[in-house]
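Got the viewer open? Here is a short walk through the model, one selection at a time.

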Amino acid sequence: MNLAATTQGFLSPTGVEIAFILVGLVTLGAAVMTVTTRQLVHAALWLVVALGGLAVEYLLLTAEFIAWVQVLIYLGSVVVLLLFGLMLTKAPIGRSPDADSGNRPVALAVAGTAAAALVWVVVDAFRTSWIDLDGPAQGSTDTVGAILFRHWVLPFEALSVLLLAALVGAIVLSRKHAKGSETGSATDSDSEGER
Amino acid sequence: MHLAYPAVLSVLLFCTGLYGVLARRNAILVLMSVELMLNAVNLNLVAFDVWLRDALHSGQALTLFTIAIAAAEIGIGLSIVLMVYRNRGSSDVDRLRDTAEGPDDDSSDDPDAAAPAQRTQKAEATA
């Protein structure tokens, strides 16, 4: 690492670094818009931009399989689930003035303090560390598949059991009781199908 | 690439999500902020995995597990929010104060004065 630090200047960024910073700025801006916008559906759409930007960051870090998993799962299913949740709870279209609660200054102070402290610590700790992105990609599908099914098989199988439990739990939680009226059964089966 | 760039971006994303969790009122927006925090952790895991050149690639494996657990979490969380919305007619986390203890909590003084509609809602929620 010391040898790498001597060969790379701090103020001479490479092309990958410039791309990383630009995409990072877009990602951070979209994240800030997600937590500050007053239109609930727009928050979900800004979340798409933030998560897509993170997928590009994974690609720049040569973790391509993680990037495509991010696109598939987060952009494909999580955001769609969030949008369905917004529709099923009859979220108001347009600006809702009560999107932020009353403890907004406290939240701003806590987040600002945490950001300042963590940025200071992280920058101080990793000032002379460089990621070597040369050579073969470390996160290609070949590599990730090999290590996942060679060294991480047991956690992988345990995770499938957890996913099954989450599926069953979501269905049980979101269905209505059997003695209830049949008026809401159509929308109920829709939400179950979405799980 | 300088390691500080992904680390600082991850810190800022995490603190953005922290602000969202604390400041938002709608439960689904709180879940979106939780997703932002989880993604900040994922970026950290991937960056340090690539930096350390781990033979087992623990960072990327844990990132995949985190993504799967986040998908499970969002499914369970949304079904809980839907159930709360069905029982209460609102997904406003500031109004879910039934189990809160505070100076403005006067329901413990005279439990008989509570509205019967509210009590049936509680019965539905516990059923």
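## Start where the chains meet

Put chain A and chain B in two colors and look across their interface for salt bridges: the rule finds zero of them. Keep in mind as you go that this is a predicted model.

Now select the chain A residues that touch chain B. They come from a run of helices: those giving two or more residues to this side are H2 (15–36), H3 (40–60), H4 (64–88), H5 (104–125), H6 (141–150), H7 (153–174) and H8 (185–194) of chain A. Color that side by class and you get 57 nonpolar, 21 polar and 13 charged residues.

How many residues are in contact on each side? Count 91 in chain A and 69 in chain B. Between them the two chains bury about 7300 Å², with 75% of that on carbon and sulfur atoms. Polar contacts do turn up here: 18 residue pairs across the interface, both partners at pLDDT 80 or more.

## Next, the annotated spans of chain A

Select residues 18–36, 43–61, 67–86, 106–123 and 152–173 of chain A, which UniProt marks as "transmembrane region" in an unreviewed entry. Zoom in on two of them. Residues 67–86 of chain A are 100% helix and 0% strand, and their end C-alpha atoms lie 26 Å apart. Residues 106–123 of chain A are also 100% helix and 0% strand, with 26 Å between the end C-alpha atoms.

## Over to chain B

Here the unreviewed UniProt entry places a "transmembrane region" at residues 61–85 of chain B. Select that span and you will find 100% helix and 0% strand, with end C-alpha atoms 36 Å apart.

## Last stop: color by confidence

Where should you go easy on the details? Where pLDDT is low, the predicted coordinates should not be read in detail.

Chain A has a mean pLDDT of 84, and 84% of its residues reach 70 or more. Its confidence is highest in H5(A), at a mean of 94, and lowest in H8(A), at 44. Select residues 180–195 of chain A: pLDDT is below 50 there, and the stretch has 23 contacts in the model beyond near neighbours in sequence. At the other end, residues 1–5 of chain A also stay under 50, with six contacts beyond four places in sequence.

For chain B the mean pLDDT is 82, and 80% of residues reach 70 or more. Among its elements, helix H1 (residues 4–23) of chain B has the highest mean, 94, and helix H4 (residues 116–126) of chain B the lowest, 50. Finish on residues 108–117 of chain B, where pLDDT stays under 50 and the model has three contacts beyond four places in sequence.

Technical notes
Residues numbered from 1 in each chain as written. Chains lettered and ligands numbered in written order. Predicted model: local features only at pLDDT ≥ 70, side-chain atom pairs only at ≥ 80, totals over all residues. Heavy atoms only, no water. Contact = heavy atoms within 4.5 Å. Buried area = accessible area lost by both parts, 1.4 Å probe. Salt bridge = Lys/Arg side-chain N within 4 Å of Asp/Glu carboxyl O. Polar contact = N/O pair within 3.5 Å; in protein donor to acceptor, adjacent residues only side chain to side chain. Helix = DSSP H or I, 4+ residues; strand = E, 2+ residues; numbered from the N terminus. Nonpolar A, V, L, I, M, F, W, Y, C, P; charged D, E, K, R; others polar. pLDDT = per-residue confidence, 0-100. UniProt positions renumbered as here; feature names shortened; annotations may be inferred.
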